[in-house]
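Here are some short exercises for you to try with the structure open. Read each task, have a go, and then follow the solution step by step.

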Amino acid sequence: MAVRGVMAIAMLAIGWLSAVVGGARAAEVAVDVGHGLVDQGAISARGKSEYIFNDRLARRLADELTTRGLRVRPINFDGQIDSLIARPQQAAGADFFISIHHDSVQPHLLRDWQWQGAPQTYSDDHAGFALFVSHHNPDLPTSLRCASAIGARLRHLGFVPARHHADPSAVKPRQPADADNAVYYYDNLVVLYKTTLPAVLFEAGVIKNRDEERLLDDPVYQGRMADAIATGLAACLFVGS
Ligand SMILES: [Zn+2]
């Protein structure tokens with residue numbers, strides 16, 4: 001009986017220890033590659049699909065998060081996810097969701113030009129990164145805190161925040177949540193509200209802008225951007241845990 005009693009206490013202790021370790025586990029970030037092989041999203045000023053930009057930046061971000069001791073759950077890294085709702089569903093159980101996108105502009109701003117002999121459209125009117133959160137997200141405070149942390153870190157490293165999303169002349173002006181750090185509300189995005197997780201949609205920049213497209217296409221720029229996002233997100237999640 002005595003041996004059994006000691007073993008029972010030992011088992012309890014192991015259970016307590018694993019609970020403690022479990023409580024201190026690294027946060028898990030679901031990183032979503034926006035769009036996919038079928039719906040490729042926007043088309044850049046030089047004719048590249050947004051999906052290609054999203055895929056590259058998401059992979060850089062996954063590496064940077066892993067380097068910081070965070071766990072990563074890749075969403076749509078094969079480009080084959082078949083619905084918007086499947087993205088938050090596959091992220092269920094993680095601690096945070098970030099969807100990676102690149103922005104276009106409103107159609108009336110587009111102008112025609114030729115790139116390498118092919119007709120394309122561009123607009124140099126807008127540029128900059130932006131972050132979107134939804135009032136309908138179940139954890140808006142964490143979503144907002146992390147969006148602001150990411151935006152602040154990007155600005156600190158010299159990245160330019162977009163200023164046009166709340167413009168009254170826009171077809172759908174977005175309500176600012178933290179305008180300094182380019183955080184805006186976009187309430188009806190499925191990936192932001194059909195979820196149990198705090199969630200942010202990140203627009204890295206405007207690929208219809210000819211100068212910004214070149215930057216966004218540059219691996220060094222992508223690496224610095226991924227570094228900034230990961231640093232901001234890690235700080236936010238560690239503070240929140
Ligand atoms: Zn997109």
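**Exercise 1.** Find how many helices and strands there are in the protein chain.

*Solution.* Start from the rule: helices (H or I, at least four residues) and strands (E, at least two) are DSSP runs, numbered from the N terminus. The protein chain has seven helices and nine strands. Keep in mind that this is a predicted model, where local features need pLDDT of at least 70, side-chain atom pairs count only at pLDDT 80 or more, and totals for chains, interfaces and linings use all residues. Residues are numbered from 1 along each chain as its sequence is written.

**Exercise 2.** Work out what pLDDT the protein chain averages.

*Solution.* The pLDDT is the predictor's confidence in each residue, from 0 to 100. Its average over the protein chain is 91, and 89% of the residues score at least 70. Residues 6-22, however, have a pLDDT below 50, and this stretch makes zero contacts beyond near neighbours in sequence. Two residues are in contact if their C-beta atoms, placed from the backbone, lie within 7 Å.

**Exercise 3.** Compare the span of helix H2 with the expected one.

*Solution.* First, the expected span is 1.5 Å times one less than the number of residues. Next, H2 covers residues 50-67, which is 18 residues, and reaches 26 Å from its first C-alpha to its last, close to the 26 Å expected. Finally, look just past the helix: H2 is followed by Gly69, with a positive phi near 85°.

**Exercise 4.** Find the residues that Leu61 contacts, leaving aside neighbours within four places in sequence.

*Solution.* Leu61 is one of the buried residues of H2; buried means 20 or more other C-beta atoms within 10 Å of its own, exposed means 12 or fewer, and partly exposed is in between, with C-beta atoms placed from the backbone. Beyond those neighbours, Leu61 contacts Val31, Ile100, Ala226, Ile229 and Ala230.

**Exercise 5.** Asn76 and Gln116: which is buried and which is exposed?

*Solution.* Most residues other than glycine have a negative phi. Asn76 has a positive phi of about 65°, and Gln116 has a positive one near 50°. Asn76 sits in the loop between strand E2 (71-75) and helix H3 (86-91), while Gln116 is in the loop between strand E4 (111-115) and strand E5 (118-122). Now count: Asn76 is buried because 24 other C-beta atoms lie within 10 Å. Gln116 is exposed because 7 other C-beta atoms lie within 10 Å.
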